[in-house]
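Colleague: I'd like to learn how to read a structure like this one. Could you walk me through a few features?

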Amino acid sequence: MKMNNQPVYLNLFKIKLPLTGIISFIHRVTGVLLFLAIPFCIYLLQRSLQSEMGFNDVADLLNQPLMILVQVIIVGSLLYHLFAGIRFLLMDIDIGHDKKSAERSSWMVILATLISCLLFLFVRFF
Amino acid sequence: MSGFSAWLTQRLSAIYMAAFIVIAIIWALITDVNYTIWQSGFENTVVKLAVLLFGLSLLIHAWIGLRDVLVDYIHPIGLRLLMMTLLALFLLANGFWLLSILWGNS
């Protein structure tokens with residue numbers, strides 16, 4: 001039996017994902033983004049603990065327009081990764097494993113991320 | 001690390017980090033953070049150990065996660081091994097950097 005049409009490798013441009021697959025893929029993308037943010041965060045921690053001046057420098061730095069964007073990307077990624085991760089952990093213990101609940105919890109992850117991002121922006125800037 | 005132990009480590013580190021982050025957010029919301037509070041907080045040994053454990057969890061979590069990403073998308077075995085080595089060195093360097101901040105004299 002020939003199986004010519006099976007993909008032999010993951011071509012990201014040829015795969016059409018259902019919502020639950022998209023949730024999983026974004027979990028991976030945000031994971032990579034958070035990984036890239038590690039040295040930046042350690043640097044900020046180091047500066048903030050060095051001296052009062054360093055602490056204030058970090059505060060000033062985080063108020064620059066470009067850094068606000070970076071911050072929103074990092075915090076947004078973290079919140080998404082957290083919510084989608086909790087969803088996966090619940091599925092590990094067999095909660096929400098059927099198709100209908102998996103789709104509903106996917107929307108809950110998106111909604112929770114959007115709401116918590118807005119709350120972050122509100123607390124941070126108002 | 002492979003199979004079940006990687007699976008379990010990924011989840012245990014995730015649970016610790018999730019709890020840490022929730023507590024950190026609550027702390028930040030109820031505290032008017034300034035340098036004195038921030039700096040003296042990081043002199044507390046319990047805080048240091050909790051942050052160090054967070055750092056270790058993060059590095060091992062990132063190692064397992066990024067290794068899976070490399071295995072899925074990087075197919076030439078030599079390039080994959082090279083990237084895994086660089087990944088491991090990068091994570092270790094970050095770990096020692098964090099350690100030096102928490103217990104260093106700087």
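Modeller: Let's start with exposure, and keep in mind that this is a predicted model. The idea is to count the C-beta atoms around a residue: 12 or fewer within 10 Å makes the residue exposed.

Colleague: So why does A:Asp94 count as exposed?

Modeller: Because A:Asp94 has 7 C-beta neighbours inside 10 Å. This residue belongs to the loop between helix H3 (65–92) and helix H4 (99–125) of chain A.

Colleague: What about the backbone there: what is phi of A:Asp94?

Modeller: Near 70 degrees, which is a positive value in a residue other than glycine.

Colleague: Now the two chains. How do I read where chain A touches chain B?

Modeller: In general, the size of an interface is often given as the accessible area lost when the parts come together. Here we'll go by residues in contact: 21 of chain A meet 21 of chain B.

Colleague: Which helices supply the side of chain A that touches chain B?

Modeller: Helix H1 (19–50), helix H2 (52–61) and H3 of chain A each give at least two residues. H1(A) has the largest share, with 12 residues. By type, that side of chain A holds 13 nonpolar, 5 polar and 3 charged residues.

Colleague: Let's zoom in on one helix pair across the chains. At what angle do H3(A) and H1(B) pack?

Modeller: The general idea is to look at the angle between the axes, then its class. For H3(A) and H1(B) the angle is about 135 degrees, and the axes are 11 Å apart. That angle makes H3(A) oblique to H1(B). The crossing of H3(A) past H1(B) is left-handed.

Colleague: Which residues make that contact?

Modeller: From H3(A) come A:Leu82, A:Gly85, A:Ile86, A:Leu89 and A:Asp92, while H1(B) brings B:Arg11, B:Ala14, B:Ala18 and B:Ile21. Sorted by type, the contact of H3(A) with H1(B) has 6 nonpolar, 1 polar and 2 charged residues.

Colleague: Can we try the reading inside chain B? How do helix H1 (residues 3–30) and helix H3 (residues 45–73) of chain B cross?

Modeller: Their axes come within 9 Å and cross at roughly 140 degrees. H1(B) and H3(B) are therefore oblique to each other, since roughly antiparallel would need an angle over 145. H1(B) passes H3(B) in a left-handed crossing.

Colleague: And what meets what?

Modeller: Residues of H1(B) including B:Ala6, B:Tyr16, B:Met17 and B:Phe20 meet residues of H3(B) including B:Leu53, B:Phe54, B:Ile60 and B:Ile64. The contact of H1(B) with H3(B) divides into 11 nonpolar, 5 polar and no charged residues.

Note on methods:
Residues are numbered from 1 along each chain as its sequence is written. Chains are lettered from A and ligands numbered from 1 in the order in which they are written. This is a predicted model: local features need pLDDT of at least 70, side-chain atom pairs count only at pLDDT 80 or more; totals for chains, interfaces and linings use all residues. Helices (H or I, at least four residues) and strands (E, at least two) are DSSP runs, numbered from the N terminus. A residue is buried if 20 or more other C-beta atoms lie within 10 Å of its own, exposed if 12 or fewer, and partly exposed in between; C-beta atoms are placed from the backbone. Two residues are in contact if their C-beta atoms, placed from the backbone, lie within 7 Å. Ala, Val, Leu, Ile, Met, Phe, Trp, Tyr, Cys and Pro count as nonpolar, Asp, Glu, Lys and Arg as charged, and the others, Gly among them, as polar. Axes are lines fitted to C-alpha atoms, for helices over the stretch in contact, and angles run from 0 to 180 degrees between N-to-C directions. Angles under 35 degrees count as roughly parallel, over 145 as roughly antiparallel, 65 to 115 as roughly perpendicular and the rest as oblique. A crossing is left-handed if the near helix is turned anticlockwise from the far one by less than a right angle, and right-handed if clockwise.
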